[in-house]
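Student: I've got this one open and want to talk it through residue by residue. Can you take me round it?

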Amino acid sequence: MTLDELTSHVSAEFQRHYARPPRWIVAAPGRVNLIGEHTDYNDGFVLPMAIERYTVIAADRPDRETNQIRLYSTLGDKPANLDLTMPVKPFPKGAWANYPAGVIAGFLARGLNPGGFDAAIHSTVPLGGGLSSSAALEVSTATLLEVITGKKLDPVEKALLCQKAEHEYAGTPCGIMDQFISVLGRENHLLLLDCRSRRTELVPLDDPSVAVLIMNTNVKHELTGSEYPTRRKQCETAAKILGVPSLRDATADLLERAKNKMDEVVYRRARHVIGEIERTVHAAEGIRAGNWPTVGQLMYASHYSLRDDYEVSCNELDAVVEIAESIGIKGGVYGCRMTGGGFGGCTVALVKTDAVKAISKKIAADYKKKIGIETTIFVSRPAAGATVLKM
Ligand code: GAF
């Protein structure tokens, strides 16, 4: 659905649910990360783009003046209510409303009280697909609150407020990539983000002969939930042993020299992060130069490192990457890798635009044969960050 179609859709949903038209409509995109995985919480570089998949929210003041916020999701989740006369506390773990609740709490903590409102929320970002559906929900909420309170936040502050919501209300100790790109995405550009200085650089990706193909494995392995925090801790352990503030400050040489001072798993985690930070910087150079084969090789190297050293891939993601690699540059694939946190979700490939149809067909058929389920494949141009569609 285009943003225009989404605007009509969410308006109709609001009207259906609350029996009047909405006053405000906002949207925030999901993202795909081209390269730079599990580097954000190590002060490294990431290279994501916003995608043409959005969370949209239609809202209005309630019929009569109250301090109640009513949140209705079209995705079948239980509606949630917040009473602004009381402190905004997290809902039980796993509740979808923790994302908006955390953002609302962040505004209140800044003295920005939106007052009561009714909202209908719809999303085309696949849930649990590794495309940042949670950041899209947080950032769209923050964008709505900016409109309602009339106070536009500095974009970096807005992204950090959303990240804090995810830490404190959803309980995920995520890095800063997802919220940054959902706020700062720019059409036809990737965002090279230095997660230490928070400096950003827009890298054009506007060559019509290359396309970004996103393939959803349609699996999400429910593991213990401790995989992400455990990896963060392993990285911190490695940095401590190496005597550096974060793995951003380490080099492959330094790591090799300290290899026997650390456990083998910690060593491999650090090897991934140090290599991935370097690959990300090189990939940005390759993109600026239009050197697609080099960028593609870096993407494959990133995948193998995530599979073997960081151990966040899974059979289904590996299967897509293997199929893509078997198609090769001759068939139009420059490179492919898993994207996002891992353990399911999506892969991202850089491909020749004129081969998109043939590549999609081959990947869909071979994936079905190998794994036994369907994959969902789509192309996205780099999209703009959060926007106000009606105010
Ligand atoms: C998830 C996190 F939310 C990001 O901060 C990032 O660490 C990513 O996993 C892995 O690169 O999306």
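Student: Let's start with Val321: buried or exposed, and at what relative accessibility?

Tutor: Keep in mind that this is a predicted model, where local features need pLDDT of at least 70, side-chain atom pairs count only at pLDDT 80 or more, and totals for chains, interfaces and linings use all residues. Residues are numbered from 1 along each chain as its sequence is written, and side-chain values use heavy atoms, with hydrogens and water left out. The cut-offs are under 20% relative accessible area for buried, over 50% for exposed, and partly exposed in between (1.4 Å probe, protein chains only). Val321 therefore counts as buried, at a relative accessibility of 1%.

Student: Which helix is Val321 in, and what does Val321 touch?

Tutor: Val321 sits in helix α10; helices (H or I, at least four residues) and strands (E, at least two) are DSSP runs, numbered from the N terminus. Contact means heavy atoms within 4.5 Å. Leaving out residues up to four places away in sequence, the partners of Val321 are Tyr300, His303, Cys336, Arg337, Met338 and Thr347.

Student: Tyr300 and His303 are listed as buried residues of α9, so what covers the buried residues of that helix?

Tutor: The buried set in α9 is Trp292, Val295, Gly296, Leu298, Met299, Tyr300, Ser302, His303, Ser305 and Leu306. An α-helix has 3.6 residues a turn, so residues three or four places apart point the same way. The cover over the buried residues of α9 includes β9 (210-220), α8 (264-288), α10 (315-327), β10 (333-338) and β11 (344-352).

Student: How far apart are the end C-alpha atoms of α9?

Tutor: The expected span is 1.5 Å times one less than the number of residues. With 17 residues (292-308), α9 should span 24 Å, and the distance agrees because its end C-alpha atoms are separated by 24 Å.

Student: Over to the ligand: which residues are around it?

Tutor: A residue makes the list if one of its heavy atoms lies within 4 Å of the ligand. By type, the shell divides into four nonpolar, four polar and four charged residues. The members are Arg31, Glu37, His38, Asp40, Tyr41, Cys174, Gly175, Met177, Asp178, Tyr228, Gly340 and Gly341.

Student: How many Å² of accessible area does the ligand have on its own?

Tutor: Start with the atoms it meets: a polar side-chain atom of Arg31 is 3.1 Å from a ligand oxygen, and a side-chain N or O atom of Asp178 is 2.9 Å from a ligand oxygen. From the backbone, an N or O atom of His38 comes to 2.7 Å from a ligand oxygen. The protein covers 92% of the ligand's accessible area, which on its own is 300 Å².

Student: Where does His38 sit in the chain?

Tutor: The phi angle of His38 is positive, near 60 degrees, in a residue other than glycine. His38 counts as buried because its relative accessibility is 6%. Its place is the loop between β1 (24-33) and β2 (45-46).

Student: Asn218 has a positive phi as well; which strand holds it?

Tutor: Phi of Asn218 is near 60 degrees, and Asn218 is not a glycine. At 39% relative accessibility, Asn218 is classed as partly exposed. The strand that holds Asn218 is β9.

Student: Met177 is in the ligand's shell and in α5; how many residues of α5 are buried?

Tutor: The buried ones are Met177, Gln179, Phe180, Ile181, Ser182 and Val183. Their cover includes β1, β2, β3 (48-60), α3, α4 (155-170) and β7 (189-194). Helix α5 (residues 177-184) is mostly covered, and of its eight residues the buried count is six.

Student: Last stop, α3: which backbone oxygen lies 2.7 Å from a polar side-chain atom of Thr141?

Tutor: Thr141 is in helix α3 (residues 133-149) and counts as buried because its relative accessibility is 3%. Beyond four places in sequence, Thr141 touches Ile57, Pro100, Val103 and Ile104. The backbone oxygen at 2.7 Å from its side chain belongs to Leu137.

Student: And Phe14, how far is it from Ile57 in space?

Tutor: Phe14 is in helix α1 (residues 3-18) and counts as buried because its relative accessibility is 0%. Along the sequence, Phe14 and Ile57 are 43 residues apart, but C-alpha to C-alpha the distance is 9.0 Å.

Key
A polar contact is a pair of N or O atoms within 3.5 Å; within protein, one must be able to donate a hydrogen and the other to accept it, and residues adjacent in sequence count only if both atoms are side-chain atoms. Accessible areas come from the Shrake-Rupley method with a 1.4 Å probe; for residues, only the protein chains shown count as cover. Ala, Val, Leu, Ile, Met, Phe, Trp, Tyr, Cys and Pro count as nonpolar, Asp, Glu, Lys and Arg as charged, and the others, Gly among them, as polar.
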